[in-house]
Amino acid sequence: MEAVIAVQMGPGGSGYNSALKEGLEVVLGGGSSFFLPSADKGKRTDGRNLIDEMKAKGYQFAATLDELNQADASKPLLGLFGSSHMKYDLDRPASEPSLAQMTLAAIKQLKGKEKGYFLMVEGGRIDHALHDTNAKRALQDTLAFDNAIQAAINEVKKTDPELKNTLIVVTADHDHTLVLNGYAKRTGKTTAGNAGVLGLVKNYETGEPSKDSDGMPYTIIGFGNGYNRVDGPRSSVAALDDATASADDYHQEVVVKVGEIGNETHGGTDVFLGAIGQGAERFHGSLDNTAVFGKIKAAAKL
């Protein structure tokens with residue numbers, strides 16, 4: 001419903017979500033095609049140019065990192081950095097902001113508000129890479145998300161050193177079927193010259209690749225289901241090595257084949273929930289995911 005959501009953001013326009021009152025202060029991400037009519041290489045069939053409509057309502061617009069860095073904190077900001085999804089962090093060009101850079105830009109827009117602010121930051125492409133069973137991009141986007149969290153903590157501590165007036169909550173909406181095969185020799189950090197966790201399981205005593213029942217090496221990371229499963233014995237295909245398994249476009253092997261690339265499913269195990277700052281003591285133990293919303297509301301005294 002990207003096109004509908006885009007309409008809901010434009011203050012005063014047809015389809016606007018009035019619950020947003022005078023409008024969102026800052027919106028950053030991809031999806032510009034859902035703001036533009038087909039005549040302007042967009043996907044809107046109603047002829048509306050929502051970017052122009054939001055500019056007319058006082059929004060400044062950014063399409064590159066340079067434009068984002070020049071944004072005026074006194075005006076609401078719309079930043080759209082791709083026609084569809086933003087690039088994976090592994091593939092991100094210098095002109096496209098990182099998740100950490102967007103997080104800092106958003107805090108810059110919001111930190112002067114007298115009544116405080118609520119900011120949601122999503123590392124959404126972690127999910128996409130996992131559906132593709134492409135562990136390398138999933139892990140790099142997870143690092144990008146971690147960098148955004150650290151950037152947010154560092155920035156808000158400049159004005160609230162002990163986080164007495166700030167709550168930061170980090171969680172996920174679900175897991176995936178990614179698994180780690182055990183009894184492996186410690187790999188060390190993944191670098192350009194070391195496959196690390198993206199490589200093969202190697203015997204922790206000898207350092208030689210471990211073998212499956214077909215006598216073939218296998219990777220540390222695998223998935224419960226997805227695209228890449230050998231038909232028949234694995235000995236019928238070329239043996240994996242670290243270079244193959246740690247390549248940018250490698251899709252990890254799976255237990256159950258479920259169709260084409262992108263069809264790996266969500267899992268059903270618990271996910272991480274962490275909090276720091278004012279009201280963080282509310283977030284502990286095992287919680288239903290729906291309880292998180294109420295605890296954030298309570299911390300904000302809403």
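**Entry 1. Elements and overall extent**

I counted eight helices and eight strands in the chain; helices (H or I, at least four residues) and strands (E, at least two) are DSSP runs, numbered from the N terminus. The model is predicted, so I noted that local features need pLDDT of at least 70 and side-chain atom pairs count only at pLDDT 80 or more, whereas totals for chains, interfaces and linings use all residues. Residues are numbered from 1 along each chain as its sequence is written, and side-chain values use heavy atoms, with hydrogens and water left out.

I then looked up the extent of the chain: along the principal axes, its C-alpha atoms fill a box of roughly 65 × 50 × 35 Å. Of the 302 residues, 38% count as buried (buried means under 20% relative accessible area, exposed over 50%, partly exposed in between, with a 1.4 Å probe and protein chains only). I also recorded the contacts (heavy atoms within 4.5 Å): among those in the chain with a separation of 6 or more, 58% join residues 24 or more positions apart.

**Entry 2. Helices α4 and α6**

I examined the pair formed by helix α4 (residues 99–110) and helix α6 (residues 135–156), whose axes come within 8 Å and cross at roughly 30°. This makes α4 roughly parallel to α6. For the terms, axes are lines fitted to C-alpha atoms, for helices over the stretch in contact, and angles run from 0 to 180 degrees between N-to-C directions. Angles under 35 degrees count as roughly parallel, over 145 as roughly antiparallel, 65 to 115 as roughly perpendicular and the rest as oblique.

The crossing of α4 past α6 is right-handed (the near helix is turned clockwise from the far one by less than a right angle; anticlockwise would be left-handed). On the α4 side I listed Leu99, Ala100, Thr103, Leu104 and Ile107 as making the contact. On the α6 side the residues are Ala144, Phe145, Asn147, Ala148, Ala151, Ala152, Glu155 and Val156. By class, I found 10 nonpolar, two polar and one charged residues in this contact; Ala, Val, Leu, Ile, Met, Phe, Trp, Tyr, Cys and Pro count as nonpolar, Asp, Glu, Lys and Arg as charged, and the others, Gly among them, as polar.

**Entry 3. Alanine 100**

I next took one residue of this contact, alanine 100, which lies in helix α4. Alanine 100 counts as buried because its relative accessibility is 14%. Leaving aside neighbours within four places in sequence, I found alanine 100 in contact with Asn147, Ala148 and Ala151. The C-alpha atoms of alanine 100 and alanine 148 are separated by 3.9 Å, although the two residues are 48 apart along the chain.

**Entry 4. Nonpolar cores**

In the largest nonpolar core I recorded 35 residues, and those with the most contacts inside it are Leu68, Leu77, Phe81, Met102 and Phe145. A nonpolar core is a set of buried Ala, Val, Leu, Ile, Met, Phe, Trp, Tyr and Cys residues joined through side-chain atoms within 4.5 Å. Two or more residues of this core come from each of α3 (65–69), α4, α5 (125–131), α6, β4 (167–171) and β6 (221–226). Helix α6 gives the largest share, nine residues. Apart from this core lies another, of 12 residues, among them Phe35, Leu36, Leu50 and Met54.

I also looked up methionine 102: not counting residues up to four places away in sequence, it touches Leu28, Gly29, Leu68, Phe81, Met86 and Pro97.

**Entry 5. Positive phi values**

I noted that phi of leucine 163 is near 55°, a positive value in a residue other than glycine. Leucine 163 lies in the loop between α6 and β4, and it counts as buried because its relative accessibility is 3%.

Phi of lysine 301 is likewise near 55°, again positive in a residue other than glycine. Lysine 301 is in the segment after α8 (289–299) and is exposed, with a relative accessible area of 70%.

**Entry 6. Further positions**

I placed serine 74 in the loop between α3 and β3 (77–80); at 58% relative accessibility, serine 74 counts as exposed. Its C-alpha atom is 9.7 Å from that of lysine 108, with the two positions 34 residues apart in sequence numbering.

I found threonine 142 in helix α6, where threonine 142 counts as partly exposed at 35% relative accessibility.
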